[in-house]
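Me: I would like a close look at a single residue and the strands around it. Please keep the account connected and plain.

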Amino acid sequence: MRVTLERANLLKSLNHVHRVVERRNTIPILSNVLLRADGGSLAMTATDLDLEINEAVPAHVEQGGATTVPAHLLYDIVRKLPDGSEVMLATEPDGATMTVITGRSQFKLQCLPESDFPQLAAGEFSHTFRLDSETLRRLIEATQFAISTEETRYYLNGIYLHTAERDGDIVLRAVATDGHRLARAETKAPDGAESVPGVIVPRKTVGELQKLVDDPDVSVQVELSESKIRLTIGSVVLTSKLIDGTFPDYERVIPTGNDKDMVIDRKVFTEAVDRVSTVSSERGRAVKLALAEGQLTLAVNNPDSGSATEELPAGYESDPLEIGFNARYLLDIASQLSSSDVKFSFADAGSPTLIENPDDKNALYVLMPMRV
């Protein structure tokens, strides 16, 4: 293999694919990136056996071929090369080493044979639809923070993507929960998505996807089967196994009878919660909301370091109520809302609270209270 290409193109693609590779691997080939030069492009593939990313970049191919080299090492070398430089990648005849040449710099990397590299067999995909990347990014960002990190409840370690009916329309819905909070976002179901099976997309896949959908003008092709998802974003193809489990009936958690409504300026509320939570303990992070007509008082009391209170004007006309929340969770949810105001719907101090944009029904959040 002998191929020459622009450093910027090589670096951009390596940046996409090398993140999939775990830093520590018991299987040496999984530390490597597969390079395949063919026609007028260089294709790069990396996998951890659950997730695979493939991307092709334009290149001048003098001699086609394929090999695998350490992914993080190659990325670090290319990252440190001068801007605007051209990079040549050339394998030795015996295939044991690959030379990286640019200007006066030369690196020799150990290779492993391309035949050892595992392929994530995609199989047949039963459903296909297209979605613009801005919509997909919004669905991910609105929900991914609520994904559970508790490995024993593995079926909560991802985003539940499925279709549902709302007001007579079919919507594509993303849901995530960790038992303390729930995030739900939706959009009108694109053509072909009406009958997709409900799938749980793993946390790592969601994280990689979030970094790839940065161009709002790109259309994303989504292909689904019962066990895998494949997303094509421009020149990048991401294939991932799905979580084999049953997502809980989240509809039962969303309260419908909360009749104590508070509307408050989102920015003012967020900044005040951030201020008073400065004195909260790292473990508890509890903040108390005391509601009275036209007013909200935030209070934090930490026996080890002190206390804080702040009063805010609020649109509230129901009976007085005191309720506690994890300050970090409040800030996470508030940061996802785009409107100037945020609406809270309470029942009582021990029941889940509903949080949403007053003027956007495409996203809602449920937060469990905590004792304070």
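The reply below starts from one residue and works outward to the strands beside it.

Reply: The model is predicted, and the residue chosen here is Thr 99, which lies in strand 8, spanning residues 97-102. Is Thr 99 buried or exposed? Its relative accessibility is 4%, and because buried means under 20%, Thr 99 counts as buried.

The side chain of Thr 99 has a polar partner: it makes a polar contact with the side chain of Lys 108, at 3.2 Å. Leaving aside residues up to four places away in sequence, Thr 99 touches Met 88, Leu 89, Ala 90 and Glu 92, as well as Gln 106, Phe 107 and Lys 108. Lys 108 therefore appears both in the list of contacts and as the polar partner.

Ala 90, one of the residues touched by Thr 99, also stands opposite Thr 99 in the strand pairing. That pairing joins strand 7 and strand 8 in the antiparallel sense, over 4 bridges. The two strands form a hairpin with 5 residues between them, and in this hairpin Gly 95 takes a positive phi near 75 degrees.

Strand 7 covers residues 86-91 and is mostly covered itself, with 5 of its 6 residues buried. Besides strand 8, strand 7 is joined to strand 1 (residues 2-6); these two run antiparallel, with 5 bridges. Here Ala 90 stands opposite Arg 2. Ala 90 thus has Arg 2 opposite it in one pairing and Thr 99 opposite it in the other.

Technical notes
Residues are numbered from 1 along each chain as its sequence is written. This is a predicted model: local features need pLDDT of at least 70, side-chain atom pairs count only at pLDDT 80 or more; totals for chains, interfaces and linings use all residues. Side-chain values use heavy atoms; hydrogens and water are left out. Buried means under 20% relative accessible area, exposed over 50%, partly exposed in between (1.4 Å probe, protein chains only). A polar contact is a pair of N or O atoms within 3.5 Å; within protein, one must be able to donate a hydrogen and the other to accept it, and residues adjacent in sequence count only if both atoms are side-chain atoms. Contact means heavy atoms within 4.5 Å. Two strands pair if DSSP finds at least two bridges between them.
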